[in-house]
Amino acid sequence: MKTWKSLGERRGMVRSRKAEFEEELPVGESVRQISRRDFFRFSGLGFAAGLALGCKSKVVEKAMPYLNAREGLTPGVAQWYATTCGGCAAGCGVLARSRDGRPVKLEGNPDHPVSRGGLCAIGQAQTRGLYDEDRLRGPKLAGKAVDWTVLDADLQRRFADLRASGGAVRVLAGTILSPTLRAAAQGFLGTFKDGRLVEADTLSAAALAAAYERTHGQRMIPHYRLEEADLLVGLEADFLGTWIDPVGFTRAYAERRGPDKPRPMSKHIQVESGLSLTGSNADERVRLAPSEAVPFLEALARHLGLAVEGGALPTALAAKARGIAHELEAHRGHGLLLCGLNDPRAQELVARINHALGHEGTTVDLARPSLQKRGDDRTLEALVREMAGGKVAALVLLGCNPVYEQPAAFTSAFAKVPLRVSLALTEDESAAACTHLAPDHHWLEAWRDAEPVAGAVSLAQPLLQPLFATRDAVESFGAWAGRPVPALQALREHWKAAVFSRQKAVGDFETFWNEALQKGAAQVESGPAPRYREGRVEGAPRAARKEGYELLLYAKVGLGDGRHAHLPFLQELPDPITKATWDNYAQVSPAAAAKLGLEQGDLLRLRPEGHALELELPVVVQPGQDDRTMAVALGYGRTAGGKSGLGVGKNAYPWRTFASGFLAAEAVPLQVRRGQGRVDLACTQDHHSLEGRELVREMALAPYLRDPASARPHEQPGPSVYGEHPHGAHRWAMVIDLSACTGCSGCVVGCQVENNIPVVGRDEVRRKREMHWLRIDRYYTGSEAEPGVVHQPMLCQQCDQAPCENVCPVLATVHSEEGLNQQVYNRCVGTRYCANNCPYKVRRFNWWEYPHASELERLGFNPDVTVRSRGVMEKCSFCVQRLMEAKITAKNEGRELKDGEALPACMQSCPAQAIVFGDMQDPDSRISQVLRDPKRFLVLGELGIGPAVSYLTKIRNITPETNQGGHHGA
Amino acid sequence: MAHDADVLTANGIPAAEAERYGHNLPLIDGNKTYRQVTEEVFAPTERRPPLRWWLVLAVTLSMLSLGAWAVFQTLTRGIGTWGLNRTVGWAFDITNFVFWVGIGHAGTLISAILFLFRQRWRTSINRAAEAMTLFAVMCAGTFPIIHMGRPWLAFWATPYPNTRGSLWVNFKSPLLWDVVAISTYFIISLTFWYIGLIPDLATQRDRAKTKLKRTILNIFSLGWNGSNRTWSRYETVYMLLAGLSTPLVVSVHTIVSMDFATSVIPGWHATIFPPYFVAGAVFSGFAMVLTLMIIARSVMGLEEYITTRHLEAMTKVVLATGMIVGMAYATEFFTAWYSGNPYERYVFLNRALGPYQWAYWTMVGCNVLSPQFFWFKKVRTTPWMIFILTIFVNIGMWFERFVIIVTSLHRDYLPSSWATYRPTFIEVAILIGSFGLFFTLFLVFTRVLPMIAASEVKGVLKNVEH
């Protein structure tokens, strides 16, 4: 049994605890005065302290030896480090919370110039990937675990041969966001006569970059400034969910979404075939089949005066195109057209339209382009040809999994490469086909940098010693190039040479470095904007297909491209639209389902024309989807790389092919057959209508602006039998702005990580036993074909007259004087009466002892939150541990708690800043101001239970003709 | 026979009236003598049980074992073995609880209220009915314990002095009221039953053949000597306890109904619940007494003690309470409509037309339609017909609780959380097990203690000179 390591350390521990609490603990008196009861208290405290210090495995001991405690490190007190998320190539800034030497929670970094404080679901789940049992423990050579020296010796010998023979060496990577890592890779490749870096993205935006090569002479992706757009038109671009930079886009988008923001509310029109998260937030949606997207753009371009030929379009769509063209015309200079198709003709049309409408310089920033998708599909296609021809002698895989995510041609060609090296963290599908495995650090263990948008540079610093015998990719490339340099040194050298020189504000490198490290990011200069070139739009006009089903492949908000499919948090995250977990499926419109006689869960066999692969997928009937579209999510059907992803869904990546050099599968005609049997999908929400209940209030913009007071709800809350609760120094309240919330679900995973909420698995979700404390209810209003969508985050409403509190026989759920409805886990006997009596159904019961067997995975738990045992009820606590921490800090500093210091996890990382939280007793706090908003309403306020969470009416920027103004609910 | 207005029958009813309504018919058939009564009532406790009894016991013990296995699974693995979910937090567990508490109502009603109302026909059935009450309450009592997530801490729900400082029970919680109501009911019923048993225990003691049996019975008969003073005190105590038990008949199910009535859940939050539940409890309790008595009288050969007149009297109670229950169903719908509350309206429409409509219509068919056959005297006096109809009532009353609990919970306020519930095998096994427990206890009772209150029956024998 481990106890404290030294008496002094223990005394220090006791002292710091003493300061945290108002009631003095009986310590510090002479031992002789200690009574029997005090003795037990004392030894209990010692035991607790021992536990707190003893809770570490061999692994952590290696990470942070306490023999010589680091300066400024107090056990039990969290430390925050600014770093950069490595979950995808968007490069959001994060603040990592480290407790006793291990990162336990990631949050958005408000100082980061691109993400500005937001973090998505994938980012929130990253700590789980750090402590993943399925990570490679060290290098492997031909399937056997070896030492780095052995691996390096073998590789050096082979590389030396290749240097001599001039064999082709390629590094294949997803977008390398880190300039230092790119330099290292290029440095390594430079030692060969024929070395080349091939960047290719799984969810590619290569056609977009290629379009700018034609229109501006430079392969680039502009940085879209959504906050500048009065009118946003999205065409098959899920920019709030999965496209390029969802967090940054959501942050910018939300700045203009709502009637009381500093600048007028923007209007958002989405043209799409499936119902994406972005489409679900649009004020207007136009449904079209995938093959109609390019003709639609052509029509749009023609209406806007561009000389392009166009394919035929149904009259209804042609009229829509004309209408949108008029609107774009009306917002000239302040509109924005976004297109997510990986189609060079479509992207060139979009680039030229945006130029013609004068969006460059306002909403389309070419001076500081986005560097988040640098991949070029054409180079990948060339690589596959090279490999198939036996011309590639060595291929190094970095941050990509091509065997899984690229067309089957890659896999067969890959086998012809004699030397296959993988730097992947897990033994994924591609690593399994490699001869040499040289696992990289997890990004939380590594020194890295990032430049997501030109000029916005940020740093990533390690939060702990590497857990395993992995090696930083920068060091690996350095070692293989014969110039072994520690990653930190390489990073500093690169910054001194290539980053520091791009700014003039700070004259001294050390100061610049330290500031950037502390803040996590810095602004430097970037190159000039390229100039527009007139030209003919490439490609032939496309004709819309008139009938038959067409395929739409898309990425889900939770799983993205599938690289994190082994993270259970993400598998269990309900899709914001379908609310399904642990599966992909064939989404079919209600009309198509009726026509084909399909119901939710029926099996359907799909095969794109010209493909051999047929997938059998369960049907999800998707309101709002185009009637000829069948949508299938990518990122599922993993066969390696972590147990949680195995056998979940089907892999649709092989359906993609290179169409004129760009990876796509859109608009491919589908062969559709009925499958045998049904599948019970694990959905967290089965009922999609509001049943005429006023749970969500909506209003059109114009009537609201005419009379904001008209938004105020009329009904009065009912009286209560019991009197008011007395309130102490604080009374916490939360307001959620439904106009701003996009339903991105980052908060759901953030809450899960912060509060140690278990993942229960597919079967238990089927039994409706998911444990999420915070869920996002999604309702459809209006018709099935063209529904309105509402996302309503639902969490414990911390009622003042809580129905749950009255019914608990053992007082396991009680009211705090700060207005919190507290759940006392160790008092709970589990009658479930409270959950039954909760009108919001936000209480969650521990049906089983959820497994926490993995010592490694347990390291990711938040030590401030109890891990609940079987038979106990739990629910949202408003992150009471964070409120306590903020209060303790304020108390230790001898001051009042400031507004905005105590933030629940959901609020902190909301990319849309839709959540306001604070002390409603402080008249100057932000929450007190928001509580006076006429748009504010309570869900089920008429029950008289006084919820502390309220919502702001969802304002839609629609013309009242299309929807009756002031119309509430469904 | 000349009728005089002053002549009263043994029931205290004017003789003329008694004849008109059949009250002057003997309560016990077969011209029994005191000795005969003693011999026939105590015989089962003194003989080796017949093979039939052992076979039935084997069946009930098997049911009990199945239930014990299911409870073991629940306790060791967790409530996850049940079909409950985040939306439906109670289903079979509390359904069974309320069902068994309801069954437990008839015994006290028969022994206490009918005693106070001088309904002397109760004498042949009160002992068995009270025993049934106790066994039903024992069955009921297991469910609040095993339905807890951490049943080993169930004692926290009792207000006992402890060293946990301010930790105490929540007197606002109807579950706590339940604990108090059920435990009070059990203790009073047990005492009442035991006091009523004392004269018969003394008889049993006097007839005992082994020393051990005599010693044990001597202790439990509290030195009964049959003196006038003993009888006088006995009757005073019995009367007092009858008075004490009477309000409990009403209070227990009133409080059980408040588990639902004090909540905010549409379909539960209704002021009609207390009378509705009490009527339902009497309804189901009498139905279960009838079911058991019809079996017992034929198996134990007690047709002359439990006559068709007894059965008929009880069917009338079933008919009356069945109509009260039917009225309550209708009133609930009216109130839901009249309230204008959309949630309330939806719950009731959903009950009748939603995914659990089969359960609702089973309930209506069993509880409202089947008792209507009791309008016919032929049905009221034909044991096999009564038996079938009371089985229906038992099924219907189980479904009533299931309908109230599950249909109200599964679609309450927020449509996003709506879910359906399906029981698992474990839950069904626990229900079977509770029947196993009930019947096993009853079977053992019939062989250990006199099933009929011999001392009381002797008081209503008509043909014997006093």
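This report walks through a predicted model, from overall build to single residues.

**Overall build**

Chain A holds 31 helices and 41 strands. Its C-alpha atoms fill a box of roughly 90 × 75 × 65 Å along the principal axes. Is the chain as compact as a globule of its length, or not? A compact globule of 970 residues would have a radius of gyration near 30 Å, and chain A has 28 Å, which agrees. Of the 970 residues of chain A, 59% count as buried. Contacts in the chain often bridge long stretches of sequence: among those between residues at least 6 apart, 73% join residues at least 24 apart.

**Domains**

The domain assignment splits chain A into domain 1 (7-54), domain 2 (79-130), domain 3 (155-203 + 395-523), domain 4 (206-370), domain 5 (550-683) and domain 6 (698-721 + 730-956). Domain 3 is therefore written as two segments, 155-203 and 395-523. Domain 6 also has two, 698-721 and 730-956.

Domains 2 and 4 of chain A touch. Their C-alpha centres lie 30 Å apart. Eight residues of domain 2 are in contact with six residues of domain 4. On the domain 2 side, five of the touching residues are nonpolar, two are polar and one is charged.

**The contact with chain B**

Chain A gives 44 residues to its contact with chain B, and chain B gives 38. Helix 26 (803-807), helix 27 (833-836) and strand 36 (844-845) of chain A each supply two or more residues to the chain A side. By class, that side has 20 nonpolar, eleven polar and 13 charged residues.

**A six-stranded sheet**

Chain A contains an open sheet of six strands in the order 20-25-22-24-23-28, with mixed pairing. Strands of a sheet pair through backbone hydrogen bonds, either parallel or antiparallel. Which strands stand at the edges? They are strand 20 (550-554) and strand 28 (670-678) of chain A. Each has a single partner strand, so one side of each is left without a neighbour in the sheet. Neighbouring strands are turned by 35 degrees against each other on average, direction ignored.

Strand 20 of chain A pairs with strand 25 (residues 629-633) of chain A in the parallel sense, over five bridges. Within this pair, A:L551 has A:M630 of strand 25 as its bridge partner.

**Three buried residues**

A:L459 is found in strand 18 (residues 456-460) of chain A. A:N756 lies in the loop between helix 24 (746-754) and helix 25 (762-766) of chain A. A:K768 sits in the loop between helix 25 and strand 32 (775-782) of chain A. Are these residues buried or exposed? The table gives the neighbour counts.

| Residue | C-beta neighbours inside 10 Å | Status |
|---|---|---|
| A:L459 | 25 neighbours | buried |
| A:N756 | 20 neighbours | buried |
| A:K768 | 24 neighbours | buried |

The cut-off for burial is 20 or more such neighbours, so A:N756, with 20, counts as buried.

A:L459 also makes contacts beyond its neighbours within four places in sequence: A:T83, A:T84, A:D449, A:A516, A:L517 and A:G520. One of these, A:A516, is 57 residues away from A:L459 in sequence, yet the two are 6.9 Å apart in space, C-alpha to C-alpha.

The two loop residues have a backbone feature to check. Phi of A:N756 is near 55 degrees, a positive value in a residue other than glycine. Phi of A:K768 is near 60 degrees, again positive in a residue other than glycine.

How values were computed. Residues are numbered from 1 along each chain as its sequence is written. Chains are lettered from A and ligands numbered from 1 in the order in which they are written. This is a predicted model: local features need pLDDT of at least 70, side-chain atom pairs count only at pLDDT 80 or more; totals for chains, interfaces and linings use all residues. Two residues are in contact if their C-beta atoms, placed from the backbone, lie within 7 Å. Ala, Val, Leu, Ile, Met, Phe, Trp, Tyr, Cys and Pro count as nonpolar, Asp, Glu, Lys and Arg as charged, and the others, Gly among them, as polar. Helices (H or I, at least four residues) and strands (E, at least two) are DSSP runs, numbered from the N terminus. The radius of gyration is taken over C-alpha atoms; the globule rule is 2.2 Å times the number of residues to the power 0.38. A residue is buried if 20 or more other C-beta atoms lie within 10 Å of its own, exposed if 12 or fewer, and partly exposed in between; C-beta atoms are placed from the backbone. Two strands pair if DSSP finds at least two bridges between them. Axes are lines fitted to C-alpha atoms, for helices over the stretch in contact, and angles run from 0 to 180 degrees between N-to-C directions.
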